[in-house]
Amino acid sequence: MTRTPPTATELALAAEVDRLGLTATCHQFERWRAKRWLAPTDQWTDPATNTLRPDIVHRAAWLAALSKPGRGISWIGWTFWATDDTEQTAALLRHALTRTIQLPLRQAGITLAQIPHGDSDTAFETRQNLAERLLQGRRAIGRDLDGLLRTHAGTAGITLPEPRTVSSPFDATLIRIGARLLTGGTADVSPEELTDAWRSVWTGPPEQLDRITAAHIAADENGTDLRALSPLAHGLPGLVRALEQADAYLLCECARRFAPAPRPPPH
């Protein structure tokens, strides 16, 4: 198939990327435009000076740095969509987010439609069984990775910051509780179960967990259920619904706040 010859603007951008010690071709520009990671060519230059916009060069440089064989653009592509905040890029961001958070389900061969709603015994048991399916074939990480790192650092004479508040986020008890939260939300996990799971791996000040428990008790006495405010209050189905119904601007704003646009890559 005959390709359209590169324009002077495309060649200029390729030259700027090359000047930064990276490589980007006009064919790559075409793919990045199709993915909405790069603006249309007629938006690359400053109308007043007819020179390439710095933000376009910055973005092309990042895309060039990340475009390696077997490597995806990952969250930075989401950041670009959120930064542009158009109807099309917001739709792409929404689709990417909802698809990504359902990855554990897809890996276990589960669909959202299979997760029942309601508080009947049958619905509860089905959700518990689905949570067990999420855990099947999952490789357990039983080693204390934080402890190993500190041991090696100490041998090398390196002093690390104080231990994290959780010794291992891959603890089997936490993972099991997490699977139940994904399928059934906070209604399927009692406050006591959740607190006990955290205590089993907690390395921070014990009183910190006590303060959290006290805050929940005080809120309950005032008629407020803090667990209902959790993003996983209604499990993964509820989180997907929230993303699907979220205002496009707020969705992009949230992505910008939690994944700010990266600085230019080193060269």
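**Salt bridges, surface and backbone of a predicted helical chain**

At a relative accessibility of 40%, Asp-55 counts as partly exposed, where buried means under 20% relative accessible area, exposed means over 50%, and partly exposed lies in between (1.4 Å probe, protein chains only). Arg-53 is likewise partly exposed, at 26%. These two residues form a salt bridge in which the closest N and O atoms are 2.6 Å apart; the term denotes a side-chain nitrogen of Lys or Arg within 4 Å of a carboxyl oxygen of Asp or Glu.

The structure is a predicted model, in which local features need pLDDT of at least 70 and side-chain atom pairs count only at pLDDT 80 or more, while totals for chains, interfaces and linings use all residues. Residues are numbered from 1 along each chain as its sequence is written, and side-chain values use heavy atoms, with hydrogens and water left out.

The secondary structure consists of 13 helices and zero strands, so the order of elements from the N terminus is an unbroken run of α; helices (H or I, at least four residues) and strands (E, at least two) are DSSP runs, numbered from the N terminus. The chain has 267 residues, of which 34% are buried. Of the contacts between residues at least 6 apart in sequence, 61% join residues at least 24 apart, a contact being heavy atoms within 4.5 Å. The accessible surface is about 16800 Å², and carbon and sulfur atoms account for 57% of this area. Accessible areas come from the Shrake-Rupley method with a 1.4 Å probe, and for residues only the protein chains shown count as cover.

The structure holds 11 salt bridges. Side chains of opposite charge can pair when their charged atoms come close. One of the salt bridges is formed by Asp-85 and Arg-256, with the closest N and O atoms 3.8 Å apart. This pair links distant parts of the chain, since Asp-85 lies in the loop between helix H4 (75-84) and helix H5 (87-101), whereas Arg-256 belongs to helix H13 (residues 248-258), 171 residues away. Asp-85 is partly exposed, with a relative accessible area of 25%, and Arg-256 is partly exposed at 22%.

Arg-256 also forms a salt bridge with Glu-253, the closest N and O atoms being 2.6 Å apart. Both residues lie in helix H13, three residues apart, which is about one turn of the helix. Glu-253 is buried, with a relative accessible area of 19%. A network of salt bridges links Asp-85, Glu-253, Arg-256 and Arg-257.

On the surface, Leu-149, Ile-158 and Leu-160 make a nonpolar patch of about 260 Å². Patches are made of residues with over 30% relative accessible area and no salt bridge; like charges are joined within 9 Å, and nonpolar side chains (Val, Leu, Ile, Met, Phe, Trp, Tyr) within 5 Å. Of the patch residues, Ile-158 is located in the loop between helix H8 (145-155) and helix H9 (172-184).

Most residues other than glycine have a negative phi, and most peptide bonds are trans. Asn-50, although not a glycine, has a positive phi of about 60°. Asn-50 sits in the loop between helix H2 (26-34) and helix H3 (54-66) and is exposed, with a relative accessible area of 61%. Asp-85, also a residue other than glycine, has a positive phi near 50°.
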